[in-house]
Amino acid sequence: MEGESLIVKGLNRKRLCLVYNPYAGRRKFNYQFDTVIRIFQDSGYEVLIHRTGSPQDLEAVAAECSEVDTLVIAGGDGSIHRAVNGLMKLPPGKRPRLGILPVGTANDLAYSLNLPKKIPEACQVIAKGRILEMDVGVINDRYFVNVASAGLLTDVSPTVDIRVKNALGQLAYYLRGLETLPSFRPFRIEFTHRGQHYEEEVLLMLALNGMSVGGLRKLVPGASLTDGFLDLVIIRQSGWPETLRLFLGLLTGERMASERLILFQTAEVRLATDRPVYSDLDGEWGPKSPWVIRSGPKIDVLH
Ligand SMILES: Nc1ncnc2c1ncn2[C@@H]1O[C@H](COP(=O)(O)OP(=O)(O)OP(=O)(O)O)[C@@H](O)[C@H]1O
């Protein structure tokens, strides 16, 4: 019968689960749906669709994707972060390949992966199926894809009102950043790297897998997503003129020699602080200090 053969044909196809965050970026993905489904179906996929109800829901759905070939996340860094934390709950052999449709605000990971910004082109990248074995960062019991950070400006992303972000895009991050400056308190951090012990009063700690944070594209130019290392950037406390100079240098990609800047690559580092400090992972809240931060398992990402 025609109907039966259609069903059997459907079951034999590769399965792709498309999970989308309806609130990511400026909510434009919601208008591109038909194009996206067409491209995936034309590429031979049976497409399952899930609209996320919350960040927790996104993580839970990813953790149930053991029976699909490809999990496609339409969202920003926060959505990919949730998806990867869900995927890591599956045994390594059961994790689907991860495809990304970068419809978020900053899309830092997509930038490091050099993914096209246009959604139909990003769909074609997924359909072609080229795999990158990407490093995933680990901080205590959570995973991060792009950056783990703490200190100045790092509580910006999780606290930006989603409606303001939908309306203003990236500008919402910078405005919220300015708002947080007056109440910021430096913290003391302690760690050992290559036999040298550090005890520092710091403004900011970044552990980067990718090269861009909050849409600032040149933070760690040339950072590798596959080398098994994270780039640590630590800014010691100093007067505001020197701090401003350092930040401008980081933003423009200029590598200045400064006593105030500690930069190194590491596969694992243990960091203790003088008081519990929250971390920010890919724009979502992460665990409080102390932290063990390392470059962890690999995940198959389509690029
Ligand atoms: N239904 C939902 N599903 C998933 N996330 C949601 C949902 N509703 C609101 N959110 C919020 O969306 C944010 C994640 O958005 P995401 O990071 O994917 O996009 P973005 O913030 O616009 O982009 P970027 O992180 O790249 O700047 C989370 O902070 C989460 O709180």
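Is Tyr-31 buried or exposed in this structure? Tyr-31 is exposed, because 9 other C-beta atoms lie within 10 Å; the term exposed is used for a residue with 12 or fewer other C-beta atoms within 10 Å of its own, buried for one with 20 or more, and partly exposed for one in between, with C-beta atoms placed from the backbone.

## About the model

This is a predicted model, in which local features need pLDDT of at least 70 and side-chain atom pairs count only at pLDDT 80 or more, whereas totals for chains, interfaces and linings use all residues. Residues are numbered from 1 along each chain, in the order in which its sequence is written.

## The loop before helix 2

Tyr-31 belongs to the loop that runs between strand 1 (14-20) and helix 2 (33-42), where helices (H or I, at least four residues) and strands (E, at least two) are DSSP runs numbered from the N terminus. The C-alpha atom of Tyr-31 is separated by 21 Å from that of Pro-55, a residue 24 places away along the chain.

Arg-27 is also found in the loop between strand 1 and helix 2, and its phi is near 65 degrees, a positive value in a residue other than glycine. Arg-27 counts as partly exposed, because 15 other C-beta atoms lie within 10 Å.

## The ligand and helix 4

What surrounds the ligand in this model? There are 23 residues around the ligand, and the closest are Gly-76, Gly-78, Ser-79, Gly-104 and Thr-105; a residue is taken as near a molecule or strand if its C-beta atom, placed from the backbone, lies within 6 Å of it. By class, this shell holds seven nonpolar, 13 polar and three charged residues, where Ala, Val, Leu, Ile, Met, Phe, Trp, Tyr, Cys and Pro count as nonpolar, Asp, Glu, Lys and Arg as charged, and the others, Gly among them, as polar. Domain 1 (2-129) and domain 2 (143-296) both give residues to the shell, so the ligand lies between them; the domain bounds come from an automatic or database domain assignment.

Helix 3 (55-62), helix 4 and helix 8 (162-168) each supply at least two residues of the shell around the ligand, and helix 4 gives the most, with three residues. Helix 4 (residues 77-87) is largely enclosed by the rest of the structure, because 11 of its 11 residues are buried. Among the buried residues of helix 4 are Asp-77, His-81 and Arg-82, as well as Ile-80, Val-84 and Leu-87.

## How helices pack

Two packed helices are described by the angle between their axes and the distance between the axes. Helix 3 and helix 4 pack at an angle of about 40 degrees, with 7 Å between their axes, and that makes helix 3 oblique to helix 4. Here axes are lines fitted to C-alpha atoms, for helices over the stretch in contact, and angles run from 0 to 180 degrees between N-to-C directions; angles under 35 degrees count as roughly parallel, over 145 as roughly antiparallel, 65 to 115 as roughly perpendicular and the rest as oblique.

Helix 2 and helix 6 (residues 119-128) pack at an angle of about 25 degrees, with their axes 10 Å apart, which makes helix 2 roughly parallel to helix 6. The crossing of helix 2 and helix 6 is right-handed, and helix 3 likewise passes helix 4 in a right-handed crossing; a crossing is right-handed if the near helix is turned clockwise from the far one by less than a right angle, and left-handed if anticlockwise.

## Backbone details in other loops

Asn-140, which lies in the loop between strand 5 (131-139) and strand 6 (142-144), has a positive phi of about 50 degrees although it is not a glycine. Asn-140 is partly exposed, because 14 other C-beta atoms lie within 10 Å.

Where is the cis peptide bond from Ser-289 to Pro-290, with its omega near 5 degrees? Pro-290 is placed in the loop between strand 14 (284-288) and strand 15 (291-302).

## Residues in strands and in helix 10

Glu-201 lies in strand 9 (residues 196-208) and counts as exposed, because it has 12 C-beta neighbours inside 10 Å. Asp-300 is found in strand 15 and is partly exposed, with 16 other C-beta atoms within 10 Å; its C-alpha atom is separated by 9.4 Å from that of Arg-130, although the two are 170 residues apart along the chain.

Leu-248 is found in helix 10 (residues 240-252) and counts as exposed, because it has 11 C-beta neighbours inside 10 Å.
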